[in-house]
Amino acid sequence: KLTASEAELRALFVSMTDVVVIYDADGRYVKIAPTNPINLYRPPENMLGKTVHEVLPKEQADFIVGKIGEAIQTGQAVTGEYALQIGNRELWFAASASRLSENTAIWIAHDITERKQAEEALRENEGRYHDLVENISDLICTHDLEGRLLSVNHAATDLTGYSVEELIGRSLRDFLLPESRHAFDAYLTAIQKNGNAIGLMTILTKSGERRIWEYHNTLRVEGVPNPIVRGYARDITERRQAEEELRKSENLLREAQAVAGLGSYLLDIST
């Protein structure tokens, strides 16, 4: 049984593509798997018999020795993540230490560098997204399927006069003109059916001013515990007022042209 167990361990040891090392309780390299990917950077013959503190920086060495000691003392597998600076590259590993005997432990570490890089890229993207959302002059918000606001950006306070605390948890219906609130249910039904909704809404600010918003909202159902609506709205009050003034001017011009034409016609008749 012992021979069979040793053979199985040896076969496992030489076939692993992860970092596989056997350490003693002092953190000394007892055996290093030949397929160890770090062998490309540090030949095993340069490490065997040495302690991890003689090979690695103190922070990484302390981490490994601590995990090995805990595994040997408790008899339980101990896990953790650590980084190694190898050449000009920083490699990240997810490691597990397990006791082999009263004085040795096996260390198996899997390269998770790509995962760490992806997580870092995601954090950077989230940071850029946060900056964009908070500095844009248009309203960006989320609300649930009943219309209750879940989040708002800073622009929402400028556009409505309400603080973030006064907005979160309230229904968008509360900010609409009383005579148009009945249409809010139709909006909620449409966005759940179609997945998006585009249109105009007139809202009342905290000071009682009427403002016209042009909105484009979409429904999100994937990657969230409950469906939410992502809202984007732009205040077009001044633009609508300018358009109305332009229409009035055009109507006045047409009326003036009509009067001038009638005057010319009457003058022609009289002469």
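In the predicted model, Thr237 belongs to helix H8, which spans residues 237-270. Thr237 is buried, because its relative accessible area is 3% and residues under 20% are counted as buried. Its surroundings include residues from an earlier part of the chain: when residues up to four places away in sequence are left out, Thr237 touches Arg210, Arg211 and Ile212. With one of these, Arg211, the contact is polar, joining the side chain of Thr237 to the side chain of Arg211 at 3.3 Å.

The residues touched by Thr237, namely Arg210, Arg211 and Ile212, lead to strand E9, which covers residues 210-220. Strand E9 pairs with E8 in the antiparallel sense, and 9 bridges join the two. Within this pairing, Gly199 is placed opposite Tyr215 of E9. Both strands are part of an open sheet of 5 strands, arranged in the order E7-E6-E10-E9-E8 with antiparallel pairing. The edges of this sheet are formed by strand E7 (149-152) and strand E8 (196-204), each of which pairs on one side only. On average, neighbouring strands of the sheet are turned by 30 degrees against each other, direction ignored. Helix H7, comprising residues 184-194, packs on this sheet and touches strand E6 (139-143), E8, E9 and strand E10 (228-235). The direction of H7 makes about 30 degrees with that of E9.

Another open sheet is also made of 5 strands, with the order E2-E1-E5-E4-E3 and antiparallel pairing. Strand E2 (29-32) and strand E3 (78-86) each have a single partner strand, so one side of each is left without a neighbour in the sheet. From one strand to the next, the twist averages 30 degrees. Strand E4 (residues 89-99) and strand E5 (residues 104-111) are paired in the antiparallel sense over 7 bridges. One of the paired positions involves Arg99, whose bridge partner in E5 is Ala105. Helix H3 (residues 58-74) lies across strand E1 (19-24), E3, E4 and E5. Relative to E3, helix H3 runs at about 155 degrees.

The largest nonpolar core contains 25 residues, of which Tyr23, Tyr29, Leu56, Ile64, Tyr82 and Trp107 touch the most other members. At least two residues of this core are supplied by each of E1, E2, helix H2 (52-55), H3, E3, E4 and E5. Helix H3 gives the most, contributing 5 residues. The surroundings of Tyr29 may be described in further detail. With neighbours within four places in sequence set aside, the contacts of Tyr29 include Val21, Ile22 and Tyr23, together with Met47, Leu48, Gly49, Lys50, Thr51, Val52, Val55 and Leu56. A second core, separate from that one, comprises 23 residues, among them Val152, Tyr187, Val229 and Ala233.

His130 is located in helix H4, which runs over residues 113-135. With a relative accessibility of 47%, His130 counts as partly exposed, because this class lies between the limits of 20% and 50%. His130 and Asn153 are separated by 23 residues in sequence, and their C-alpha atoms are 9.2 Å apart in space.

Terms used
Residues are numbered from 1 along each chain as its sequence is written. This is a predicted model: local features need pLDDT of at least 70, side-chain atom pairs count only at pLDDT 80 or more; totals for chains, interfaces and linings use all residues. Side-chain values use heavy atoms; hydrogens and water are left out. Two strands pair if DSSP finds at least two bridges between them. Helices (H or I, at least four residues) and strands (E, at least two) are DSSP runs, numbered from the N terminus. Axes are lines fitted to C-alpha atoms, for helices over the stretch in contact, and angles run from 0 to 180 degrees between N-to-C directions. Contact means heavy atoms within 4.5 Å. Buried means under 20% relative accessible area, exposed over 50%, partly exposed in between (1.4 Å probe, protein chains only). A polar contact is a pair of N or O atoms within 3.5 Å; within protein, one must be able to donate a hydrogen and the other to accept it, and residues adjacent in sequence count only if both atoms are side-chain atoms. A nonpolar core is a set of buried Ala, Val, Leu, Ile, Met, Phe, Trp, Tyr and Cys residues joined through side-chain atoms within 4.5 Å.
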